[in-house]
Amino acid sequence: MGDLGSAPQRYTGVRGTLDLRRLRLFAFPLCLLTLLATSACNKTSNARTEAQAQSKPTGERKPAPDFTLQDANGTSLKLSDLRGKVVVLNFWATWCGPCALEIPWFIEFEQQYKSKGLEIVGISMDEDGWKAIKPYVAAKKVNYRVVLGNDSVGQLYGGVDSLPTTFIIDRQGRLAFPPHVGLPGKNEYLNEIQTLLDEKQQADSRAFIPGTLLPGAAAAAHR
Amino acid sequence: MNSNKPRDEFLIPLQLTWSPGPLTAESVSYPQSEDIKVGPDTLSVFTGKIVLVTKFRAGSEASALPATVTGKLHYQACNNQMCFRPVTVDVRLPVVIQ
């Protein structure tokens with residue numbers, strides 16, 4: 001394969017150099033193109049200290065955009081029907097390695113905290129649909145609701161360009177923390193979940209706002 | 001990004017395909033991949049600059065003129081914190097058939 005736009009090659013078998021660094025991908029830092037075990041980039045991406053993980057004051061929390069998606073059985077899940085529960089809304093895909101690392105955590109959270117009002121919802125962004133998702137969730141023994149997402153729902157949440165991306169929603173249907181773009185630590189999730197489970201349910205006249213777009217990228221929506 | 005032969009069946013491989021045209025692609029050779037550890041898993045990946053070699057064949061009917069071979073490169077990239085959605089880019093290769 002020749003360089004894009006190069007001079008014509010004679011036919012002898014074509015050898016082309018693919019410079020992965022020059023490929024047009026999404027607009028993200030160059031260092032993210034390289035798979036590294038450790039890097040400065042990884043230390044700063046999605047790095048939040050315990051202090052920063054405090055929930056937003058209730059008056060500053062924006063409503064989570066409402067949507068309806070289907071699970072593997074065709075049953076609809078409407079986000080606003082989960083009001084009264086703490087919801088972990090996780091955008092993921094079967095081809096996402098970091099997503100696979102946090103699935104066992106979600107399984108554990110579902111087991112430990114469902115009775116206290118936690119609901120985990122996995123939104124798969126697999127373009128191959130249930131053909132890819134079903135065997136995967138069966139193999140992983142996923143015990144929480146998984147629905148098939150689409151770009152429209154991704155856009156409601158600021159455009160989900162990378163996976164995993166996770167939102168933590170309080171019992172009143174509001175986004176209580178900045179979103180997790182990438183893989184956080186397990187304790188980061190746990191702290192946020194426990195914080196919201198412990199919050200007293202407050203009467204709130206604000207309901208889920210259907211189809212409300214979060215401005216800008218998901219990571220900037222709550223700065 | 002994932003190599004052309006990722007170790008997990010669910011991962012998306014790097015794949016170069018060519019459209020029918022003045023030349024027929026007989027084979028595509030990929031470079032040696034690297035193994036890296038991400039959590040408990042070992043991934044087969046390509047990093048930095050790599051070279052893909054395609055062996056083409058010109059049919060007897062091919063005319064000795066400049067021509068363009070077109071194809072698609074499909075890939076999906078991650079680091080150990082996040083993944084980016086699969087991408088397909090068009091590839092155009094000007095050739096001279098002699």
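Me: Which elements of chain A are included in what covers the buried residues of α5(A)?

Reply: The model is predicted: local features need pLDDT of at least 70, side-chain atom pairs count only at pLDDT 80 or more, and totals for chains, interfaces and linings use all residues. Residues are numbered from 1 along each chain as its sequence is written, while chains are lettered from A and ligands numbered from 1 in the order in which they are written. Helices (DSSP runs of H or I, at least four residues) and strands (runs of E, at least two) are numbered from the N terminus. By contacts (C-beta atoms, placed from the backbone, within 7 Å), the cover of α5(A) includes β6 (86–92), α2 (97–113), β7 (118–124) and β10 (165–169).

Me: On which side or sides of α5(A) do its buried residues lie?

Reply: A residue is buried if 20 or more other C-beta atoms, placed from the backbone, lie within 10 Å of its own, exposed if 12 or fewer, and partly exposed in between. In α5(A) the buried residues are A:Glu188, A:Tyr189, A:Glu192, A:Ile193 and A:Leu196. Because they cover an arc (of directions from the helix axis to the C-beta atoms) of only 125°, they lie on the same side of α5(A).

Me: Which exposed residues does the face of α5(A) turned away from its buried side carry?

Reply: Helix α5 spans residues 186–198 of chain A. Its face turned away from the buried side carries the exposed residues A:Asn187 and A:Asp198.

Me: How are α2(A) and α5(A) oriented to each other?

Reply: Their axes, lines fitted to C-alpha atoms over the stretch in contact, with angles from 0 to 180 degrees between N-to-C directions, lie 11 Å apart at an angle of about 25°. The contact is made by A:Trp105, A:Phe109 and A:Tyr113 of α2(A) and by A:Lys186, A:Tyr189, A:Ile193 and A:Leu197 of α5(A). Angles under 35 degrees count as roughly parallel. At about 25°, α2(A) is therefore, relative to α5(A), roughly parallel.

Me: Which peptide bond is cis, with omega near -5°?

Reply: The proline concerned, A:Pro164, is found in the loop between β9 (162–163) and β10 of chain A. The cis bond, with omega near -5°, runs from A:Leu163 to A:Pro164.

Me: Is A:Lys141 buried or exposed?

Reply: A:Lys141 has a positive phi of about 60° although it is not a glycine. Its place is in the loop between α3 (130–140) and β8 (145–148) of chain A. With 9 other C-beta atoms within 10 Å, A:Lys141 is exposed.

How values were computed:
Expected span 1.5 Å × (residues − 1). Contact = placed C-beta atoms within 7 Å. Parallel < 35°, antiparallel > 145°, perpendicular 65-115°, else oblique.
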